[in-house]
Structures are given as C-alpha cells and as structure tokens.
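Visitor: Could you take me through the interior of this protein, beginning with any enclosed space and moving on to the residues packed around it?
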Amino acid sequence: MLVDRKRMIEHLTKIYTSNQIKEAVLTEAFSCNALNADGQLLIVAPSLKGIEPLPEPVGLVDVDLFISALKSLSSSDEVAVDFEDERILVDSRHGGRIRLLTAATNLIQSAVKQETVDKVLETVPDKAPEVPLSQDVIKGVLDACSLVKPEIITLKVGKKASEFVVGQTTGHYVEHDLPAKTAKGEQPYELIFAAKLVIDVFRQLTDYTSTKITLTGPDSIVVVSEGAYRYVISPQEPA
C-alpha cells in the first residue's frame, strides 16, 4: 500500500511518545492502543484516513526503528509499505527496500484490547471538564521543565482557578495557570504525575487548535487529546 511518508512518521512518533511505547500492535489502518511499561500511560491512536486497512494486526517489535526507516527514505514523498514473511517491507519506489522483523501480536506486551480501552474511557464522566491546552500552556510547562528539571508535576484543580506546579515546593518550582475549575459540587484536589510522562506527552502536541485536557476528578486519570489521539495519564499514588 502507498502511504504518505511524512504523515506516517508523524503518526508513529505520536505512538512512540519519546520512547514510552517501544513496541506496538497496529490494527485496521495503522490504529494502535498501547500501554507503557509502568502502566501509567495509555495511548489511543486512530486509523489513518485514506489508507486501506491492514489484512491482519501486525506486531511491531521496534517502533523507533520503523520511524528511522521511513526517515532514511527522504527522497520519497510516498513509500510502499507491505507485510510479508513476518517482516515489514518499506519500499522507496526508487530502488531501495527495507525489511524489518515483526512479531506475533500476543508477544507485544504493550498491546491493549479495544474493550479494555472502552472500559477505561467509560470511566470519564459525561460532564467531565474539557479544558483547552493552549500553546502558551504547553510551551510554558515544557520550558519550566527545562529550567528546573523536575521529577514530578502537580496539577492543582480549584473551584475558581487551576495551575500546573512544575517541581516541588521544597525546591525550585514554576507555576503555570490552567483555565480550569472543579466540576459542580466537587472539592479542590491535586494530582501528581511523573514529570517525564507529562513532558513526553506534551512534546507530541503540535495542533494547538485541537489540544485539550479532560479532568475526571480526584485520584483519577486525565485525558490529554489532540484531535483523535488520546493520551490517558494516571497520577502517582499519594506519598
């Protein structure tokens, strides 16, 4: 099948999420549900539009290598991607071919069944606040992380205002406002996340017209979205 090389690189990069997802199962038209190694990040990536469905799910043993293979064929805007003899065949259509090993889908530990994803997303209340994530917020948090090199990021959700706190208040830290507030009848709360998770997810967000964060309440997940891509992040247990 012919695929747009740059679009496929972008899609796989969002799945890879800066090494959070090293292996993955691709289904339908390259859609993917994957859980990172510590179980704190669930990635739900949609099918690509305009691409024919895969004949069967494919176990991708090295997402980064697939991305690198596509990047290496820089002379081609479109490449042919096929699956044969337990390999991915990437054909530049200019004489170059790359063959990468695949694996049985049951050997891919990051794979998550669709029914499991559905159950997770069903826990999001119908009236859960959906808050736009502007470029200012995303860039502000990432710049703060570069400055103070935090281990944790705290999301403080209040009745009138909310904020990200990058770092710990016992040391250097940065606050960045988020235009969010608790749901009706809900008390203020805090969620603590591993900083690397937030950094890796925020770095994938580039279409600021569709980026948002859905708040599901105290001691619960948040869902960071860009269009049909969803990153479900679990908070750390309170110390």
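**Cavity and cores**

Guide: In this predicted model, the largest cavity is lined by Leu155, Phe164, Phe193, Val198, Phe202, Ile213, Val222, Val224 and Ile233. Two elements, helix H5 (195–202) and strand S15 (222–226), each give two or more residues to that lining.

Visitor: How much space lies in the largest cavity?

Guide: The count of cavities of 30 Å³ or more comes to 1. By class, the lining of the largest cavity holds no polar and no charged residues, but 9 nonpolar ones. The space within the largest cavity is about 60 Å³.

Visitor: Which helix gives the most residues to the largest nonpolar core?

Guide: That core has 67 residues, of which Leu133, Leu155, Phe164, Phe202 and Ile213 touch the most other members. Leaving aside neighbours within four places in sequence, the contacts of Leu155 include Phe164, Phe193, Ile213 and Val222, and these four residues are also named in the lining of the largest cavity. A second, separate core of 10 residues includes Val44, Val124, Val223 and Val232. The helix that gives the most to the largest core, with 7 residues, is H4 (residues 135–148).

Visitor: How many disulfides does a search of the whole structure find?

Guide: Cysteine 32 is buried, at a relative accessible area of 2%, and cysteine 145 also counts as buried, at 6% relative accessibility. Both are called buried because their values fall under the 20% cut-off. As for disulfides, which require a pair of cysteine sulfur atoms within 2.5 Å, the number found in the whole structure is 0.

Conventions. Residues are numbered from 1 along each chain as its sequence is written. This is a predicted model: local features need pLDDT of at least 70, side-chain atom pairs count only at pLDDT 80 or more; totals for chains, interfaces and linings use all residues. Side-chain values use heavy atoms; hydrogens and water are left out. On a 1 Å grid over the protein atoms alone, a cavity is a set of points where a 1.4 Å probe fits but cannot get out, and a pocket is an open set with protein on both sides within 12 Å along at least five of seven lines; lining residues have an atom within 4 Å of a point. Grid points are joined across faces, edges and corners, and a volume is the space filled by probe spheres set on the points. Helices (H or I, at least four residues) and strands (E, at least two) are DSSP runs, numbered from the N terminus. Ala, Val, Leu, Ile, Met, Phe, Trp, Tyr, Cys and Pro count as nonpolar, Asp, Glu, Lys and Arg as charged, and the others, Gly among them, as polar. A nonpolar core is a set of buried Ala, Val, Leu, Ile, Met, Phe, Trp, Tyr and Cys residues joined through side-chain atoms within 4.5 Å. Buried means under 20% relative accessible area, exposed over 50%, partly exposed in between (1.4 Å probe, protein chains only). Contact means heavy atoms within 4.5 Å.
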